[in-house]
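Work through the exercises below with the sequence and the model open. Each task is followed by a solution in steps.

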Amino acid sequence: MIRKILLGACLAMPATILAQGFQVNLQGQKQIGMAGTGVGTVMDGASIFFNPGAVSMLKENQVNLGVSPLFFKSAFLQSGSSTVENNKDEIAPPFEAYAVWGPKSGRYKLGIGAYTPFGGLVNWGDEWSGKYSLISLSLKAIYIQPTVSVKITDNIGLGAGFVYNHGEVNLQKAVAITQGNGQDSRATLKGTGEGYGWNAGIYFKTLSGVSIGVTHRSKVVTKLNDGDAIFDFPASIPAASLPTKFTSQLPLPATTSLGFGFYPSAKTTIAFDASWVHWSVYKELAFDYNVNTTVPDTKSPRNYGDGASLKLGINQQQTEKLALRAGIGYAFTPVKDGYVTPEAPDANRFILSAGLGYDISKKFVIDLSFLYEAVKEREQTNLESNLSGTFKTHVYIPGIGVSYKF
Amino acid sequence: MKKYNNLKLVLAGLILITAACKTEIDVPAASKGSADFSKYIAVGNSLTAGYADNGLYLEGQLNSYPSIIAKQMKSVGGGDFKQPLFTEAQSDGSGYLKFAGFNADGTPNIVPVKDKLAVRGEYDAGAFGKVTLYTKFAGDNNNFGVPGIKLQQITFAPYGNLNGYFERLLPGNAGTNNTTYLDFVTAKPFTFFTSWLGNNDALGYATSGGVGDVLTPKDQFLGLYNALIAKLTANGAKGAIATIPDVSSIPFLTTVTVKALLDGAKKLNPAFQAVYIQTAAGNRIATDEDLITLSFNSTGLFGKPNGSMQYYGLHPSNPIQSQYVLDKTEVATARDYVNSYNATIKSIATAKKLAIFDAYSFLNTLNVKHVSENGQPYTGVFINGINVSSSFITGNAFSLDGVHLTPKGYAIVANEFIKAINAQYGSTIPQANLSDYRSVKFP
């Protein structure tokens with residue numbers, strides 16, 4: 001029923017907006033329990049990510065740590081086949097760590113955060129029907145963000161942070177050159193890269209009690225220089241003719257968000273976030289090799305559109321120590337028809353969450369969260385590889401976090 | 001702290017559930033449609049037998065397109081499919097070619113494999129020449145692919161004495177056989193057939209440069225194809241047939257180009273201006289519309305001087321001999337015949353409501369040059385991320401003889417047959433996973 005209502009809501013959205021791609025929306029255990037809302041509310045140090053402007057509104061100095069083991073369970077049915085293929089069970093570990101400090105009752109707060117806003121871990125194995133497009137991809141972007149937040153008035157907070165991104169990628173695919181033992185050849189590209197950006201936000205409480213947040217996290221173009229290109233090719237192809245290094249870059253998109261907090265009672269917080277993810281910067285995935293005798297440089301079109309998401313979460317302070325949380329959301333994919341690939345078998349997705357927080361003591365809080373994402377079944381033929389079939393993905397993300405307040 | 005323990009339980013439970021559950025996609029219901037695949041036979045020539053790398057050998061047989069189709073048919077009521085396999089001890093069969101790496105000049109070094117042959121002797125067929133005989137096969141058989149057979153020969157009674165691959169399947173020894181191919185393949189009951197015949201009626205002409213063989217007359221082709229389909233469908237069997245590829249689009253005739261020969265010659269001596277060929281209309285300068293056979297490459301003749309210091313292929317009086325060249329006129333003749341054969345095949349198959357795999361159109365797509373959306377050039381098509389083209393060795397489809405297919409190529413053909421069968425009969429035979437089949441092996 002909920003799904004129906006949501007789908008109805010989606011039909012009303014302009015057809016051109018498409019949200020998720022590699023974006024990982026797991027930046028705070030409390031917020032995850034509320035479907036990932038947090039732009040228009042002040043929950044904890046995760047505001048460094050969600051809205052730097054809200055950090056100055058935090059009552060206490062604190063450290064927040066959390067991890068969300070992510071189970072990405074995808075299935076593929078090749079067109080014309082009757083064999084459903086599944087990716088391997090591997091667990092990606094998005095994490096978050098925040099520290100916020102400021103003088104008690106001061107007007108400013110300083111903070112630093114480390115979190116993983118983009119990433120992907122998918123391993124289809126080296127026997128599946130799409131192995132020439134992808135065997136596995138492991139992509140991690142770790143943002144480190146020192147932040148300053150200032151209370152302009154009691155009701156308005158402004159904040160901004162500098163973002164440094166450390167990126168890691170490991171991409172493997174089969175190459176249809178049969179080796180002497182009958183196995184395919186394989187190409188592995190792995191490397192690390194860096195990028196820079198910023199995150200800024202404004203937070204204000206209105207007279208009616210509704211809180212509003214507006215944020216913009218900039219695009220972070222992550223450059224991978226001097227990555228290792230490992231071509232496991234037959235011996236008859238001279239090693240000197242194969243690349244050993246590559247350069248590439250991945251534009252991680254900007255996100256603009258508008259969030260609201262509603263407080264129907266002293267114990268209840270309802271949060272609503274709308275985000276626009278500027279994925280249209282992701283035009284192509286290009287690899288430039290140091291040697292092109294045998295392997296030409298490649299440019300794969302991606303041509304993403306922009307993504308968007310709508311999320312609604314609730315936090316209910318059940319007892320003095322126990323908070324219960326729940327949320328729903330819907331995300332619109334940036335991946336257009338014809339550009340769905342096994343590395344990001346994306347489609348519009350439906351999000352459900354639950355969580356709870358428990359104050360062990362005045363200083364220690366434990367938060368648990370569970371997020372479920374149902375990525376819609378999508379039948380596609382990739383324009384470049386002609387890999388044709390149906391992808392369907394469910395994502396299950398239990399999470400645990402601990403906060404220490406001082 | 002009891003509440004706390006419950007929390008842990010819930011969390012542990014959630015993790016367990018999520019680790020265990022798989023994402024599912026609904027699979028189309030298995031259906032044989034209006035066909036009956038319980039007894040499937042394959043009729044055809046070398047392509048049907050699984051011939052590859054210029055020979056018939058065990059690995060090729062195991063990857064024949066009929067055996068792949070039969071494997072896929074299992075889920076929709078397909079029965080056992082037996083093939084006349086060579087034994088493990090004679091797994092090299094007729095002998096075949098393997099790729100032994102690149103020579104210093106970048107050309108491929110292709111060497112014969114003949115350690116475990118299945119040759120049992122030779123039969124002197126008089127005017128028809130010597131026939132190599134292979135170890136007999138006596139068991140149940142569903143794959144009647146006979147390398148070398150033409151449609152022209154399917155009702156020719158002495159043929160079992162003239163083709164060692166056919167002789168091998170017959171009970172009698174060469175010299176005593178008088179069963180026609182068509183009678184032999186239809187002797188036992190069957191419910192479904194595939195037939196891919198007619199290739200050799202044009203191929204022999206093309207691969208011998210238009211001089212070593214004759215094209216089967218068009219009206220004879222029509223008569224025999226009618227007889228073939230009439231007999232195969234006589235007992236109500238359904239089936240699928242394939243058209244004949246354009247013989248001028250296979251690597252055997254597209255790999256060695258006039259331009260490549262001339263460029264090679266110019267490197268040695270810039271004075272060379274043209275490549276000369278012998279044609280029925282006399283010797284002349286070759287153009288890129290004249291096709292040179294792959295076998296010419298291994299003769300080592302090109303550029304050799306004769307007694308008058310005229311270099312082979314580079315002098316009007318010492319041209320590339322006709323048997324190595326399918327010249328422009330011959331190409332047009334071969335195409336004209338193939339088009340006529342295919343018109344015959346399609347009209348008869350359509351009349352009998354058979355499934356049609358248009359191999360002519362499909363294989364032609366492998367020879368077309370494209371530029372990708374991002375400006376990168378490629379030849380052929382992409383199938384599930386694999387670039388399949390008619391490029392020699394690297395194109396994934398063709399084996400080392402430039403005519404027959406690799407296991408991956410045969411799997412692609414099997415899938416094309418399956419698509420045609422499903423479309424015609426409303427069945428849901430699943431396609432084969434191309435990832436399971438190899439291309440040309442690199443050492």
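**Exercise 1. The contact between the chains**

The contact takes 46 residues from chain A and 38 residues from chain B. The model is predicted.

Task: State which strands of chain A each supply at least two residues of the side that touches chain B, which element gives the largest share, and how that side divides by class.

Solution.
- Step 1. The strands of chain A that each supply at least two residues are S2 (70-78), S3 (84-86), S8 (156-178), S16 (298-301), S20 (364-381) and S21 (388-405).
- Step 2. S21(A) gives the largest share of this side, with 6 residues.
- Step 3. Sorted by class, the side of chain A that touches chain B holds 18 nonpolar, 19 polar and 9 charged residues.

**Exercise 2. Chain B as a whole**

Task: Describe chain B by its box, its secondary structure and its share of buried residues.

Solution.
- Step 1. Along the principal axes, the C-alpha atoms of chain B fill a box of roughly 105 × 60 × 45 Å.
- Step 2. Chain B has 14 helices and 17 strands.
- Step 3. Of the 443 residues in chain B, 48% are buried.
- Step 4. Among the contacts in chain B with a separation of 6 or more, 71% are between residues 24 or more positions apart.

**Exercise 3. Two domains in chain B**

Task: Give the bounds of the domains of chain B and describe the side of domain 1 that touches domain 2.

Solution.
- Step 1. The domain assignment gives domain 1 of chain B as 40-247 + 328-436 and domain 2 as 258-326.
- Step 2. The C-alpha centres of domain 1 and domain 2 of chain B are 32 Å apart.
- Step 3. Domain 1 of chain B brings 12 residues to the contact, and domain 2 of chain B brings 10 residues.
- Step 4. On the domain 1 side, helix H7 (200-207) and helix H12 (328-351) of chain B each supply at least two residues. The largest share, 4 residues, comes from H12(B).
- Step 5. This side of domain 1 of chain B has 4 nonpolar, 6 polar and 2 charged residues.

**Exercise 4. The faces of a helix**

Task: Find which residues of helix H10 (residues 258-268) of chain B are buried, and explain why they line one face of the helix.

Solution.
- Step 1. The buried residues of H10(B) are Val258(B), Leu261(B) and Ala265(B).
- Step 2. Viewed down the axis of H10(B), these buried residues fall within an arc of 70°, so they line one face of the helix.
- Step 3. The face of H10(B) turned away from the buried side carries the exposed residues Lys259(B), Asp263(B) and Lys267(B).
- Step 4. Strand S11 (291-292) of chain B is included in what covers the buried residues of H10(B).

**Exercise 5. A sheet and a hairpin**

Task: Give the strand order of the open sheet of 5 strands in chain B and explain why S6 and S13 of chain B stand at the edges. Then describe the hairpin formed by S2(B) and S3(B).

Solution.
- Step 1. The order in chain B is S6-S1-S7-S8-S13, with parallel pairing.
- Step 2. S6 (143-145) and S13 (355-357) of chain B each have a single partner strand, so one side of each is left without a neighbour in the sheet.
- Step 3. On average, neighbouring strands of this sheet are turned by 15° against each other, direction ignored.
- Step 4. S8 (residues 238-242) of chain B pairs with S13(B) in the parallel sense over 3 bridges. In this pair, Ile241(B) stands opposite Ile356(B).
- Step 5. Strands S2 (residues 96-102) and S3 (residues 108-113) of chain B run antiparallel and are joined by 5 bridges. Tyr96(B) stands opposite Val113(B) in S3(B).
- Step 6. The hairpin of S2(B) and S3(B) has 5 residues between the strands, and Gly106(B) in the turn has a positive phi of about 90°.

**Exercise 6. Two loop residues**

Task: Is Tyr57(B) buried or exposed? Is Lys362(A) buried or exposed?

Solution.
- Step 1. Tyr57(B) lies in the loop between helix H2 (46-49) and helix H3 (58-62) of chain B.
- Step 2. A residue is buried if 20 or more other C-beta atoms lie within 10 Å of its own. Tyr57(B) has 25 C-beta neighbours inside 10 Å and therefore counts as buried.
- Step 3. Leaving out residues up to four places away in sequence, Tyr57(B) touches Phe86(B), Ser91(B), Asp92(B), Gly93(B), Ser94(B) and Tyr96(B).
- Step 4. Lys362(A) lies in the loop between S19 (349-359) and S20 of chain A.
- Step 5. A residue is exposed if 12 or fewer other C-beta atoms lie within 10 Å. Lys362(A) has 8 and is therefore exposed.
- Step 6. Lys362(A) and Lys321(A) lie 41 residues apart in sequence, and their C-alpha atoms are 9.3 Å apart in space.

Terms used: Residues are numbered from 1 along each chain as its sequence is written. Chains are lettered from A and ligands numbered from 1 in the order in which they are written. This is a predicted model: local features need pLDDT of at least 70, side-chain atom pairs count only at pLDDT 80 or more; totals for chains, interfaces and linings use all residues. Two residues are in contact if their C-beta atoms, placed from the backbone, lie within 7 Å. Ala, Val, Leu, Ile, Met, Phe, Trp, Tyr, Cys and Pro count as nonpolar, Asp, Glu, Lys and Arg as charged, and the others, Gly among them, as polar. Domain bounds come from an automatic or database domain assignment. The arc is that of the directions from the helix axis to the C-beta atoms. Two strands pair if DSSP finds at least two bridges between them. Axes are lines fitted to C-alpha atoms, for helices over the stretch in contact, and angles run from 0 to 180 degrees between N-to-C directions.
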